[in-house]
Amino acid sequence: MNNVRINNNHPHHQQQHTIVPIVPPPVPPPTPPPPNLPRADLLEDVALKIIEDRPELIAKQGLLTDVLLALAQKTHAFKRKKPNLVFRIIKSIFAVFHVKIGPGEKESEALQVLRIIWEKVAIMPKSNIDDILRGPPLKVGNTIKGYPSRVLFLATKVGNTPFIVELIRSYPDLIWKQDDKGKTIFHLAVKRRQAEIYNLLYEIGAMKDLITPMKDKKGNNMLHMVAKSALKTRFQNVSGFALQMQRELLWYKEVEQMIPPQYRQRKNIAGVTPQYLFAKKHAALVTKGESWMKNYMLVATLIATIVFAAAFSLPGGYNQNTGTPFFRKEPALIVFVISDAISLISSSTSVLIFLSILTSSYAELDLLESLPEKLMLGVVTLFLSIVTMMVTFSSSFFVLYDKKLEWVPITITCLAGMPIVLFVKMQFRLLVDIFYSAYRSRSLFKPKKRILYY
């Protein structure tokens, strides 16, 4: 503590000194660390226990709407809880012998919360159920412009299939509900490319023949919906413009065979047929697909040019009298010649494959079946040409340097592996998508396992 001396001078008094102590300001207590935020699954578990203990808390209609709106948009919360990896491997081994061990996948807390709430809602009068599912209105002044937060359609937009299934099981009339634009959940699922929700059509029997021809307020039926180009966010899981076009055509052909034949050429209010609309909306995607494949063909052409020139410039040169290479008996030169030949053949094959794709008529059968197979063969041969070109490049240094400088070709060989690793890293996703499009894309529709009605 410090002291300060103050002089008190007064004309009628002697000089006096007053000592005033200076007290330092109080030090604030240290700020406690922020508490750890609870996980989402923990919050759902707590909500489940609260609802089970105090069911009267969800008796209010407005609260029910808010809870359903929150659950409808939490797609990840409805994923089933899987056992650990080791147990899944053991279980799959026993499944080969048709032996079941241990419990299966557990239901999520979010699904249990939804089931408790929906059991109370489903027994209400129809008008109350409609009010709850309709959500809050969008008002401009005192005028209601619409209901953009409809519970059922929000869940459809984000692809929350378990949520949709749970509601329809207890209240099947929901399959006929329409949003402000006149779309059912199946029309919206087609527009948003939500395959799991669309596949529910296969489980509702003959009613699908009444739902698929339904039109929105602009006269668009379900085939018009799929004819419109999908949102860019739906293409994030598909690599390459050509494969995106193949996936779009696959959707169009699926809905075309689903809708009754007499509605396939129906025009909307604008006087446009689904087929014309599909061609118009996807013209840009076809152009991008052509440019995308031209880039691969250009790379293959450059590789073919390089390795063709390398075949006539062997490392070490030729004997001027006999015309034979000086190092013809060296193993490294034999590797050089063989890898150069393989690179030339594979790159030329890749060029021809991409050229055949570009010169094709882009018929529906070509895009659906032959295109993915040709793309896979073209990319694989291009990768083989890059690998063998690097082998050709590396082996030439083993011919030129003797054993005393072996570290030079070894170092160059290690560095030559970098383009191969980069190609695999950047194009592996493309190869997976091509394989899926060629051999497994048909399984996107008509699932073997029923999820709506067991």
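Buried residues account for 38% of the 454 residues in the protein chain. The structure is a predicted model, and the protein chain is built from 17 helices and four strands. About 27,200 Å² of the protein chain is exposed, with carbon and sulfur atoms supplying 62% of that area. Among contacts in the protein chain with a separation of 6 or more, 72% join residues 24 or more positions apart.

One such pairing by sequence distance can be followed from Q61, a residue of helix α2 (residues 61-72). Q61 and D131 are 70 residues apart along the chain, and their C-alpha atoms are separated by 8.4 Å. With neighbours within four places in sequence set aside, Q61 is in contact with N128, D131 and I132. The relative accessibility of Q61 is 34%, so this residue counts as partly exposed; the buried class is reserved for values under 20%.

Turning to the interior, the largest nonpolar core holds 63 residues. Within this core, L68, W118, F163, F186, Y198 and W251 touch the most other members. F186 serves as a useful example for anyone browsing the model: leaving out residues up to four places away in sequence, F186 touches I175, I197, Y198, L200, L201, I204, I211 and M222. A second core, separate from the largest one, has 28 residues, including V307, L382, I386 and M389.

The stretch around F186 also carries an annotation. An unreviewed UniProt entry lists residues 181-213 as "repeat: ANK". In the model, this span is 45% helix and 0% strand, and its end C-alpha atoms lie 15 Å apart. A residue worth a look here is R193, placed in the loop between α8 (185-191) and α9 (195-198). Phi of R193 is near 60°, a positive value in a residue other than glycine. R193 counts as buried because its relative accessibility is 6%.

Further along the chain, the unreviewed UniProt entry gives the feature "transmembrane region" for residues 296-314, 334-363, 375-401 and 407-424. Residues 296-314 are 79% helix and 0% strand, with end C-alpha atoms 28 Å apart. For residues 407-424, the helix content is 100% and the strand content 0%, and the end C-alpha atoms lie 26 Å apart.

Two helices in this part of the chain merit a closer description. Helix α14 (residues 283-310) has 28 residues and should span 40 Å at 1.5 Å a residue; its end C-alpha atoms are 42 Å apart, so the two values agree. Buried positions in α14 are L285, G289, W292, M293, Y296, M297, A300, I303, A304, V307 and A310. Of these, V307 also appears in the second nonpolar core.

Helix α17 (residues 407-440) has 34 residues, and its first and last C-alpha atoms are 47 Å apart, close to the 50 Å expected at 1.5 Å a residue. A kink of about 50° is nevertheless present in α17, centred on Q427. Q427 itself is buried, as are V408, P409, I412, A416, I420, F423, L430, D433, I434 and S437 of α17.

Note on methods: Residues are numbered from 1 along each chain as its sequence is written. This is a predicted model: local features need pLDDT of at least 70, side-chain atom pairs count only at pLDDT 80 or more; totals for chains, interfaces and linings use all residues. Side-chain values use heavy atoms; hydrogens and water are left out. A nonpolar core is a set of buried Ala, Val, Leu, Ile, Met, Phe, Trp, Tyr and Cys residues joined through side-chain atoms within 4.5 Å. Buried means under 20% relative accessible area, exposed over 50%, partly exposed in between (1.4 Å probe, protein chains only). Contact means heavy atoms within 4.5 Å. Helices (H or I, at least four residues) and strands (E, at least two) are DSSP runs, numbered from the N terminus. UniProt positions are given in the numbering used here, feature names are shortened, and annotations may be inferred rather than shown by experiment. The expected span of a helix is 1.5 Å times one less than its number of residues. The bend at a residue is the angle between axes fitted to the seven residues ending there and the seven starting there. Accessible areas come from the Shrake-Rupley method with a 1.4 Å probe; for residues, only the protein chains shown count as cover.
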